[in-house]
Amino acid sequence: MVKRVHQPREDAEFDFVLGMSGVPVLAYFIGTWPKAIEPCRATDLVVGGIAEEYAGRLTAVRTDIARCPEATARYGITGAPSCVLLKEGEAVALGAGPWSTVEIRAFMERHL
C-alpha cells in the first residue's frame, strides 16, 4: 500500500519529503494543544480523502507544529490547522482553519 499522507518527525524530514516530491505538496500544519485537537482531527480526515483522490498528482504532508518549528516559521504559520500549497518548493497559497473537502479542493484547484 502506498503511503498517502507523510508525517515528518522533524524539519529535516519535512524538507526531504518536499525535495523528493515531483508533484505539488499540500502541507497541513496541526497542533496538539487542547483547542487545536478537534479541528486538526477533522482536517486529518479531509486531507486523507484528498490525498486518495489526488494520488499521483499531489503529496500530502501532515506537519506537527511542535516537531517542525522551522517549517512552521518559514511559512508564517500562526495557528492550527493551517494549509500551505507548494509547487516546486515555493508556497503558492496559504490558508487557515478547519476546512471541508469542498473548501480544500477549491483552494487547491485555484493553484494547481
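1. Leaving aside its neighbours within four places in sequence, which residues is Thr 72 in contact with? In this predicted model, they are Phe 29, Ile 65 and Ile 77. Thr 72 belongs to helix H3. Its relative accessible area is 7%, and under 20% counts as buried, so Thr 72 is a buried residue.

2. Helix H1 spans residues 11–20, and its buried residues include Asp 11, Phe 14, Val 17 and Leu 18. These four cover an arc of only 125° around the axis, and therefore lie on the same side of H1. The face turned away from that buried side carries Ala 12, Phe 16, Gly 19 and Met 20, which are exposed. Among the elements covering the buried residues of H1 are strand S1 (5–6), S2, strand S3 (59–64), H3 and S4. H3, one of these covering elements, is also the helix that holds Thr 72 of point 1.

3. Ile 30 is part of strand S2. With a relative accessibility of 2%, Ile 30 counts as buried. Apart from neighbours within four places in sequence, Ile 30 is in contact with Cys 40, Asp 44, Arg 62, Thr 63, Asp 64, Ile 65 and Ala 80. Ile 65 appears in this list and among the contacts of Thr 72 as well. The C-alpha atoms of Ile 30 and Ala 66 are 8.8 Å apart in space, with their positions 36 residues apart in sequence.

4. Helix H2 (residues 34–53) packs with helix H4 (residues 101–109) at an angle of about 50°, and the two axes are 9 Å apart. H2 is therefore oblique to H4. The handedness of their crossing is right-handed. On the H2 side, the contact is made by Val 46, Val 47, Ile 50 and Glu 53; on the H4 side, it is made by Thr 101, Ile 104, Arg 105 and Met 108. Sorted by class, the residues of this contact are five nonpolar, one polar and two charged.

5. Two residues of that contact can be taken one by one. Val 46 of helix H2 is buried, its relative accessible area being 12%. Not counting residues up to four places away in sequence, Val 46 touches Trp 99, Ser 100, Thr 101 and Ile 104. Val 46 and Ile 104 are 58 residues apart in sequence, yet 8.1 Å apart from C-alpha to C-alpha. Thr 101, in helix H4, is partly exposed, with a relative accessible area of 29%. Leaving aside neighbours within four places in sequence, Thr 101 is in contact with Val 46 and Ile 50. From Thr 101 to Ala 51 the C-alpha separation is 11 Å, and these two residues are 50 apart in sequence.

6. Which residues of H4 are buried? They are Ile 104, Phe 107 and Met 108. The arc they cover around the axis is only 95°, so they sit on the same side of H4. The cover over the buried residues of H4 includes strand S2 (25–30), H2, strand S4 (82–87) and strand S5 (90–96). Ile 104 and Met 108 also take part in the contact with H2. S2 and S4 are among the elements that cover buried residues of H4, and both are likewise listed for H1.

7. The peptide bond that joins Ala 80 and Pro 81 is cis, with omega about 0°. Pro 81 is in the loop between helix H3 (69–74) and S4. Ala 80, on the other side of this bond, is one of the residues in contact with Ile 30.

8. The loop between S4 and S5 contains Glu 88 and Gly 89. Glu 88 is not a glycine, but has a positive phi of about 50°. Is Glu 88 buried or exposed? Its relative accessible area is 83%, and Glu 88 is exposed. Gly 89 has a relative accessible area of 42% and is partly exposed. The C-alpha atoms of Gly 89 and Val 25 are separated by 8.1 Å, although these residues are 64 apart along the chain.

How values were computed. Residues numbered from 1 in each chain as written. Predicted model: local features only at pLDDT ≥ 70, side-chain atom pairs only at ≥ 80, totals over all residues. Heavy atoms only, no water. Axes fitted to C-alpha atoms, helices over the stretch in contact; angles between N-to-C directions. Helix = DSSP H or I, 4+ residues; strand = E, 2+ residues; numbered from the N terminus. Parallel < 35°, antiparallel > 145°, perpendicular 65-115°, else oblique. Left-handed = near helix turned anticlockwise from the far one by under 90°. Contact = heavy atoms within 4.5 Å. Nonpolar A, V, L, I, M, F, W, Y, C, P; charged D, E, K, R; others polar. Buried < 20%, exposed > 50% of the residue type's maximum accessible area, 1.4 Å probe, protein only. Arc of directions from axis to C-beta.
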